[in-house]
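Student: I would like to take a close look at a single part of this chain, working outward from one residue to the strands around it. Could you go through it carefully with me?

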Amino acid sequence: MKLITTMAGLTVACGLLTACGAESSDVTYEAWTEGGNLQSVRHDYVDGLNGAVSVPAKVSGATWSTQENGGHAPHIKVVPTGKAVAHCLLKEGDHVLDQQKGAAGRPVTCSAHR
């Protein structure tokens, strides 16, 4: 009887916590431009024991994406070249956390709180 109660407790606990494997904390970060290229992309993610970090991405061309542990507050800033229009997108699986389209030649930022 004690074993059944313990197993039931673990099942409930795992149902409440994402760390039990059913869901991932990975976030897809995407950046793209219309009418030009990416000048820079900076994104925040969780880097294991280092905690939250904000790093510039190596960009080339008009598109960029990565998948990282986004932690509680994933964030991305996209800067286009010239008068290009920048876009950003944060997704967790099929769920869109944030999506933005900037003005011509202006940076755009996407962020979420999970």
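Student: In which loop does Lys58 lie, and between which strands?

Tutor: Bearing in mind that this is a predicted model, Lys58 is found in the loop that runs between strand S3 (52–56) and strand S4 (63–69). With a relative accessible area of 82%, Lys58 counts as exposed, because the cut-off for that class is over 50%. Although Lys58 and Val41 are 17 residues apart along the chain, their C-alpha atoms are separated by 7.7 Å.

That leads to strand S2, which covers residues 38–46 and pairs with strand S5, residues 75–80, in the antiparallel sense over six bridges. Within this pairing, His43 stands opposite Ile76 in S5. Strand S2 is also joined to S3 by five bridges, the two strands again running antiparallel, and here Asp44 of the chain has Ser54 in S3 as its bridge partner. S2 and S3 form a hairpin with five residues between the strands, in which Gly48 adopts a positive phi near 50°.

To set this part in the whole, the chain holds one helix and eight strands, and the helix precedes the strands when the elements are read from the N terminus. Of the 114 residues in the chain, 26% are buried, whereas Lys58 is exposed. Finally, if one takes the contacts between residues at least 6 apart in sequence, 58% of them join residues at least 24 apart.

Technical notes
Residues are numbered from 1 along each chain as its sequence is written. This is a predicted model: local features need pLDDT of at least 70, side-chain atom pairs count only at pLDDT 80 or more; totals for chains, interfaces and linings use all residues. Side-chain values use heavy atoms; hydrogens and water are left out. Helices (H or I, at least four residues) and strands (E, at least two) are DSSP runs, numbered from the N terminus. Buried means under 20% relative accessible area, exposed over 50%, partly exposed in between (1.4 Å probe, protein chains only). Contact means heavy atoms within 4.5 Å. Two strands pair if DSSP finds at least two bridges between them.
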